[in-house]
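Subject: Structure handover

Hello,

Here is the structure we talked about. Please open it alongside this message; my notes follow below it.

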Amino acid sequence: MKKCLVTGGAGFIGSNLVERLVGLSFEVKVLDDLSSGFLRNLEPFRENIEFIEGDVRDMATLQQVMSEVEVVFHQAAVVSVPQSIEDPMETGMVNDLGTLYVLEAARHNGVRRVVFASSCAVYGDLPQVPKKEDMDTKPLSPYAASKLNGETYARLYGDLYGLETVCLRYFNVYGPRQDPSSPYSGVISIFMDSAARGERPTIYGDGEQYRDFVYVADVVQANLLAAQRENISGVTINVGTGKPVTINSLWRNIAELAGVQGEAKRADFRPGDIRQSVAEISRARELLDYQSYHSLEEGLQFTWEWYRSRSY
Ligand code: NAD
Ligand code: UD1
């Protein structure tokens, strides 16, 4: 892999991936419409990449940026579950249609492989845990449906057109550059931001719902492996840690790290919220030699240092 394209590369996960790719001396292009990403995320390595501001649904732009690209990391999406419930059309247009555009442009430009950022949200609230890739899926939100549709298209493009595709079902990703500014932002970014202000955040429901929180550097590593390993085209792979963490205990950890006193505020459960989510990661181990190298304590510590020291 020499030249690669990261869609959504100005976002949280995308910019961490771009930074790593640049560090490994790959030629990196970034396509992002800056709808939820920021140029400041790319600032430290801006000189070493080609940035194109544009929409993944603009075929002319896609054709241009994909020439000579060997691997596409497709991260661009509307990423919020509640936002997708409020505005299912927008999520469908960006996520469902956007993924189709990316795959179509990849097939016409001789791209070797597309690595697609899917989500554990596809599993829904079916009671079995941990979640395994061959289990039934049951999307509970337009966001989750859009990710499952993206996976289906990815597999089809492999079967029909010989485009190599690998789908990574990320669990709950956290780390530096995750934007806390919207009520829809990821829970760790919101809790970190509250802690940095010395405020108490809100926990929705009883707080005993749990997630598998995976540090962004481990997700980046999974992407690199997914781009390079042979004979894994058409495969869907969980990317998590295998360890459940309740939202209550998450806040206790962050409050302790930040020295914030007091209980979180409480509000009703969010519609579409999944109760239990934790990954079985044996497929990632077998096919990618993947491990989650960062413990929650270590990942939270790095993340806290970033939130504490940021200037915006
Ligand atoms: P993010 O919002 O920081 O990044 C998404 C990026 O896509 C942003 O930079 C945004 O500007 C860009 N984008 C959105 N619509 C676009 C369009 N039409 N054209 C071009 N660019 C567009 O979110 P993130 O957390 O970094 O998520 C990255 C990917 O990982 C997404 O596909 C998301 O669904 C997936 N994912 C994230 C998590 C998580 O916990 N953060 C978990 C599972 C899956
Ligand atoms: C997140 C991702 C989604 C991804 C999915 C995989 C974001 C914005 N969403 O959705 O892209 O596909 O993981 O599982 O990154 N909570 C609170 N207080 C808050 C915010 C959240 O209690 O202020 C609770 C929520 O009710 C939920 C849990 O924390 O139970 C996690 O919420 P959130 O971080 O939004 O993640 P998901 O909905 O799991």
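**Ligand 1**

The polar backbone of I13 puts an atom 2.8 Å from an oxygen atom of ligand 1. Keep in mind throughout that this is a predicted model. F12 does likewise: one of its polar backbone atoms is 2.8 Å from an oxygen atom of ligand 1. G11 joins in through a backbone N or O atom, at 3.0 Å from an oxygen atom of ligand 1. On its own, ligand 1 has 830 Å² of accessible area, and the protein covers 93% of that.

Which elements give two or more residues to the shell around ligand 1? They are α1 (12–23), β5 (113–119), α5 (142–161) and β7 (172–174). The largest share comes from β5, with 3 residues. In total, 29 residues surround ligand 1. The closest are F12, D32, S36, Q75 and Y143. So much for names; by class, the shell holds 14 nonpolar, 10 polar and 5 charged residues.

**Ligand 2**

Now the other ligand. Three side chains make polar contacts worth checking on screen. Each has an N or O atom facing an oxygen atom of ligand 2:

- D273, at 2.7 Å
- N172, at 2.8 Å
- Q209, at 3.1 Å

How much of ligand 2 does the protein bury? The figure is 91% of the 720 Å² that ligand 2 exposes when taken alone. Two elements give two or more residues to the shell: α6 (187–196) and β8 (202–204).

There are 21 residues around ligand 2. V79, S119, Y143, V187 and D273 come nearest. Y143 is thus listed among the nearest residues for ligand 2 and among the closest for ligand 1. D273 is both one of the nearest residues and one of the polar contacts. By class, the shell around ligand 2 has 11 nonpolar, 7 polar and 3 charged residues.

**The sheet**

Next, the fold. There is an open sheet of 7 strands, with parallel pairing. The order is β3-β2-β1-β4-β5-β6-β11. β3 (49–53) and β11 (235–239) are the edge strands, and each pairs on one side only. From one strand to the next, the twist averages 20°.

Look at β4 (residues 71–74) and its partner β5. They pair in the parallel sense over 4 bridges. H74 stands opposite F116 in β5. Which helix packs on the sheet here? α5 does, touching β5, β6 (164–170) and β11. The direction of α5 makes about 155° with that of β5. Both α5 and β5 also give residues to the shell around ligand 1.

**Two backbone points**

Most residues other than glycine have a negative phi, and most peptide bonds are trans. Two places here are worth a look against that background.

First, V129 and P130 are joined by a cis peptide bond, with omega at about -5°. P130 sits in the loop between β5 and α5.

Second, S25 is not a glycine, yet it has a positive phi of about 70°. Its place is the loop between α1 and β2 (27–32).

**Where to start**

I would begin at β5. It gives the largest share of the shell around ligand 1, pairs with β4 and is touched by α5. Then turn to the side chains of N172, Q209 and D273 at ligand 2.

Best wishes

Note on methods
Residues are numbered from 1 along each chain as its sequence is written. Chains are lettered from A and ligands numbered from 1 in the order in which they are written. This is a predicted model: local features need pLDDT of at least 70, side-chain atom pairs count only at pLDDT 80 or more; totals for chains, interfaces and linings use all residues. Side-chain values use heavy atoms; hydrogens and water are left out. A residue is near a molecule or strand if one of its heavy atoms lies within 4 Å of it. A polar contact is a pair of N or O atoms within 3.5 Å; within protein, one must be able to donate a hydrogen and the other to accept it, and residues adjacent in sequence count only if both atoms are side-chain atoms. Accessible areas come from the Shrake-Rupley method with a 1.4 Å probe; for residues, only the protein chains shown count as cover. Ala, Val, Leu, Ile, Met, Phe, Trp, Tyr, Cys and Pro count as nonpolar, Asp, Glu, Lys and Arg as charged, and the others, Gly among them, as polar. Two strands pair if DSSP finds at least two bridges between them. Axes are lines fitted to C-alpha atoms, for helices over the stretch in contact, and angles run from 0 to 180 degrees between N-to-C directions. Contact means heavy atoms within 4.5 Å.
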